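These are my notebook entries on a single protein model, written down in the order in which I looked things up.

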Amino acid sequence: MDLATFLVQWLNALQYGLLLFLVASGLTLIFGIMGVINLAHGSFYMIGAYMAWALAPGVAAGVGGGFFATLALGLVLALALGWVLEWAFFSYLYERDHLQQVLMTYGLIFVFEELRSLLVGDEVHGVQPPAWLAGTLPLGELMTYPVYRLFVSGLCLLLGGAMALVFTRTRLGLAIRAGSTGLAQREMVQSLGVDIRKLYRVVFAAGVALAALAGMVAAPVSSVYPGMGSQVLILCFVVVVIGGIGSIRGALLASLLIGAVDTFGKVWLPQAAGLSVYLLMAAILLCKPAGLFSAGGGRR
């Protein structure tokens, strides 16, 4: 493998890992902080991808906007969807056991799939990136790299930095971390005037928005197709387990590790590439059963 090819693969691994982090961070918030096993999280990624495809013509015709206006509208709709879902369904699951959480969220997968089929059909669709992001950059004499993939990596890094600032530098982040460390602490936070239920609604809406945003920015790279959230959901749970339940920084490190293992596994050992991620998870859990960052120290 020459230097240019090696660099391209590392850029692919970085882009894949950061995009996976954007999806998995939403699941980390919902699962690690709220204690809800949300099997429908991959559906939010799919919904975001379909919104990127379906909203673009209307946005262009209605307000004259392009890709970024579509992202903004889709993000607002995803936040509203998360808010309504938490109010209508998930708010009743906090005191229920995990089996009931699994059954309800598994049912939501079928609901979203049927709605998707009824509304937009079962065809595969493509989404075009903005014209100024559709070019390539030269890497060596023969190879180039898409500018849009670099944009995706930069956007994910920007959002990751914003999440870190919210969790460590704001009262909202302090309230989220304080309300996620156990029943006694939640009651103490409530006694200080913080509405835990409303706080959880904000967290859930943010988790849905992150997954949908990841689907929107991934649509020009991976296309839009039925069932695209299923594989992402499995990888998200792998990220949560490897990184440590509730740990945002653990989710980032786990996503980057998975991106590197999967990308280079497909290059060097394609026959076993599908196993590489799960072998990585098994190896890490043998050494650190609680994940790379334990729940007690990884809430940031």
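**Entry 1: charged pairs**

I began with Arg201, which I find counts as buried at 18% relative accessibility, since the cut-off for buried is under 20% relative accessible area. I note at the outset that this is a predicted model, and I read every value below with that in mind.

What does Arg201 pair with? I find a salt bridge between Arg201 and Glu86, in which the closest N and O atoms are 2.5 Å apart. Because Glu86 lies in helix α3 (residues 67–88) and Arg201 in helix α8, the pair ties together parts that are 115 residues apart in sequence. I then looked up the cover on the acid, and Glu86 is buried too, with a relative accessible area of 0%.

My search of the whole structure returned 4 salt bridges, so I followed up a further group, bearing in mind that side chains of opposite charge can pair when their charged atoms come close. Arg116 meets Glu113 in a salt bridge of 2.6 Å from N to O, and Arg116 also meets Asp122, at 2.4 Å from N to O. I therefore record Glu113, Arg116 and Asp122 as linked in a network of salt bridges. Within this network, Arg116 and Glu113 are 3 residues apart in helix α4 (residues 98–120), which means that about one helical turn separates them. I checked accessibility here as well: Arg116 is buried at 10% relative accessible area, and Glu113 is buried at 19%.

**Entry 2: the overall fold**

I counted 11 helices and 2 strands in the protein, and along the sequence I read the pattern α-α-α-α-β-β-α-α-α-α-α-α-α. The radius of gyration is 19 Å, close to the 19 Å that the globule rule gives for 300 residues, so the protein is as compact as a globular protein of that length. The C-alpha atoms fill a box of roughly 65 × 50 × 35 Å along the principal axes, and 46% of the 300 residues count as buried. Taking contacts between residues at least 6 apart in sequence, I find that 76% join residues at least 24 apart.

**Entry 3: strands and a loop**

How do the strands β1 and β2 pair? Strand β1 (residues 136–139) and strand β2 (residues 143–146) run in the antiparallel sense and pair over 4 bridges, with Leu139 standing opposite Met143 in β2. They form a hairpin with 3 residues between them, and in the turn I noted Gly140, which has a positive phi of about 80 degrees.

I also looked for a positive phi outside glycine, since most residues other than glycine have a negative phi. Ser223 has such a value, near 70 degrees, and this serine lies in the loop between α8 (196–222) and α9 (228–243). At 23% relative accessibility, Ser223 counts as partly exposed.

**Entry 4: the surface**

The accessible surface comes to about 14400 Å², of which 69% belongs to carbon and sulfur atoms. On it I located a nonpolar patch formed by Leu3, Phe6, Trp10, Val267, Trp268 and Leu269, with about 660 Å² of accessible area together. Which helices supply at least two residues each to the patch? I find that α1 (3–34) and α10 (248–268) do, and that α1 gives the largest share, 3 residues. Leu269, by contrast, I place in the loop between α10 and α11 (273–287).

How values were computed
Residues numbered from 1 in each chain as written. Heavy atoms only, no water. Patch = residues over 30% accessible without salt bridge, like charges linked within 9 Å, V, L, I, M, F, W, Y side chains within 5 Å. Areas by Shrake-Rupley, 256 points an atom, 1.4 Å probe, with all protein chains shown as cover. Salt bridge = Lys/Arg side-chain N within 4 Å of Asp/Glu carboxyl O. Pairing = 2+ DSSP bridges. Rg over C-alpha atoms; globule rule 2.2 N^0.38 Å. Buried < 20%, exposed > 50% of the residue type's maximum accessible area, 1.4 Å probe, protein only. Contact = heavy atoms within 4.5 Å.
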